[in-house]
Amino acid sequence: MKRVRVEASLSYDVLIEKGLLADAGRYIKDIAKGKTAVIISETNVFPLYGDILKNTLIKEGFEVLSFVFPAGEESKNTETLVSLWEFLAENHITRSDTLVALGGGVTGDLTGFAAATFLRGIRYVGIPTTLLSMVDSSVGGKTAVDLKGGKNLAGAFYQPSLVLIDPETLDTLPESIFSDGMAEVIKYGMINLPDFLKKLEENYDISDIIEISVKDKRDIVAVDEKDTGIRQLLNFGHTPAHSVELLSDFTISHGSAVAIGMVIMTKASVKAGLCEESALGILLSLLRKYSLPEELVFSPESIADAALNDKKRSGDTITLVIPEKAGLCTLKKFPVSEVYSFISGAWEK
């Protein structure tokens, strides 16, 4: 078993092992105080893994409840959040009980925010079932729901008590969903792991890829848990990506949007003379290998306009993650008035 210790405002373990889901109850019991566990999942994942998780929890003496919501980013909203709060209240969930997020990033974000706010905070465990959530959203304590004005605009920093990763759950993923996760994996290589980029060009063990990604995020979060400095590097490509998601009415997946966002930022940085041109070639090669999009969608005007609602905006400036070369990104503040001219460079030949 691989074990990654995350040191933050609440320290916890990320355990990685094939077949771990069937034994999840034993590990959850070690961190739980009460005897009630609430499985929070969605309509695609729960039929696949809900009974396995429920049975292992019952085996360890838990009373198990389930809250299952419609799958999809469109469910990560205040309406679903309120329904979850009401469910927890109606079932008399207490601060000693445990929420268990079973699913991808939407499930983890929703569960984490509910845990942060219900009764002013109860513990939760993350069991991510997509590659994207395994390597990114399940670690670091960012929780949120979407608003009409943009993605993840209402949320809290709230760490899980435990994260359990079973790579075997990836076996049931459609290829497109697996590729989504690889966008976030490539992101780690682009921001500060040049040797990792070379590894991704070759054959690899998925557990190793997950461990390397989680450790990189762990190290960054340990320095900047509240996302005021170096942690913003993890948002490489995400500012335009969130614009792409919003403009597409979330019909473009998060991973695909991140891939497009990384292309926009890298092309724009090369055009502005801030980035080595070879970085773009390396990025495009990896995106093609993992069947991720590289075509620019929407107009630079619409991307820039939507980006101004991004959480990284502060008054009249916005912080963007700029690649300087493959494996090295930096943070650069731009006046809001210059965002369009910079981003539009990605569309220029």
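This is a short walk through one predicted model, from its sheet to its helices, its empty spaces and a few single residues.

Let's start with the sheet. It is open, it has seven strands, and the order is β1-β2-β9-β6-β5-β3-β4. The pairing is mixed. Which strands stand at the edges? Those are β1, residues 2-6, and β4, residues 63-69. Each has a single partner strand, so one side of each is left without a neighbour in the sheet. As for twist, neighbouring strands are turned by 20° against each other on average, direction ignored.

Now the pairings in the middle. A reminder on the chemistry: strands of a sheet pair through backbone hydrogen bonds, either parallel or antiparallel. Take β5 as the reference. Strand β3, residues 36-42, pairs with β5 in the parallel sense over four bridges. One contact to look up there: Ala37 has Thr98 in β5 as its bridge partner. On to β6. Six bridges join β5 to β6, and these two strands run parallel. Ala101 has its bridge partner in β6, and that partner is Gly126. Keep Gly126 in mind. Strand β6, residues 123-128, also pairs with β9, residues 162-165. That pairing is parallel too, over two bridges. And here Gly126 comes back: its bridge partner in β9 is Val163.

What packs on this sheet? Helix α1 does, residues 24-31. Helix α1 touches β2, β5, β6 and β9, and its direction makes about 170° with that of β9. Then there is helix α8, residues 206-223. Helix α8 lies across β1, β2 and β9, and runs at about 10° to β1.

How covered is β5? Six of its six residues are buried.

Next, empty space. Rolling a probe the size of a water molecule over the atoms shows where empty space is left. How many cavities of 30 Å³ or more does a search of the whole structure find? The count is three. The largest cavity has a volume of about 150 Å³. Its lining has 20 residues, and the closest to its centre are Gly108, Tyr124, Gly126, Ser137 and Ser138. So much for Gly126 as a bridge partner alone; Gly126 is on this list as well. The elements that give two or more residues to this lining are β5, α4, β6 and α5, the last being residues 131-137.

Then an open site. The second largest pocket has a volume of about 190 Å³. Which element gives the most to its lining? Helix α10, residues 254-271, with three residues. The lining includes Lys267, Val270 and Lys271. Further along the sequence, it also includes Leu280, Leu296, and the run of Gly345, Ala346, Trp347, Glu348 and Lys349.

Over to helix α6, residues 175-192. First, a length check. At 1.5 Å a residue, its 18 residues should span 26 Å. The end C-alpha atoms are 27 Å apart, which agrees. Helix α6 is mostly covered, with 13 of its 18 residues buried. Ser179 lies in this helix. Is Ser179 buried or exposed? Buried: the relative accessible area is 6%, and the cut-off for buried is under 20%. Which residues does Ser179 contact, leaving aside its neighbours within four places in sequence? Tyr290, Ser291 and Leu292.

Now two backbone points. Most residues other than glycine have a negative phi. Two residues here go the other way. Arg120 has a phi near 60°, a positive value in a residue other than glycine. Arg120 sits in the loop between α4, residues 105-117, and β6. Arg120 is exposed, with a relative accessible area of 75%. The other is Phe250, with a positive phi of about 65°, although Phe250 is not a glycine. Its place is the loop between α9, residues 238-247, and α10.

Last item: Asp51, in helix α2, residues 46-59. Asp51 is exposed at 54% relative accessible area, where the cut-off is over 50%. How far is Asp51 from Val214? In sequence, 163 residues; in space, 27 Å, C-alpha to C-alpha.

Key:
Residues are numbered from 1 along each chain as its sequence is written. This is a predicted model: local features need pLDDT of at least 70, side-chain atom pairs count only at pLDDT 80 or more; totals for chains, interfaces and linings use all residues. Side-chain values use heavy atoms; hydrogens and water are left out. Buried means under 20% relative accessible area, exposed over 50%, partly exposed in between (1.4 Å probe, protein chains only). Contact means heavy atoms within 4.5 Å. The expected span of a helix is 1.5 Å times one less than its number of residues. Two strands pair if DSSP finds at least two bridges between them. Axes are lines fitted to C-alpha atoms, for helices over the stretch in contact, and angles run from 0 to 180 degrees between N-to-C directions. On a 1 Å grid over the protein atoms alone, a cavity is a set of points where a 1.4 Å probe fits but cannot get out, and a pocket is an open set with protein on both sides within 12 Å along at least five of seven lines; lining residues have an atom within 4 Å of a point. Grid points are joined across faces, edges and corners, and a volume is the space filled by probe spheres set on the points.
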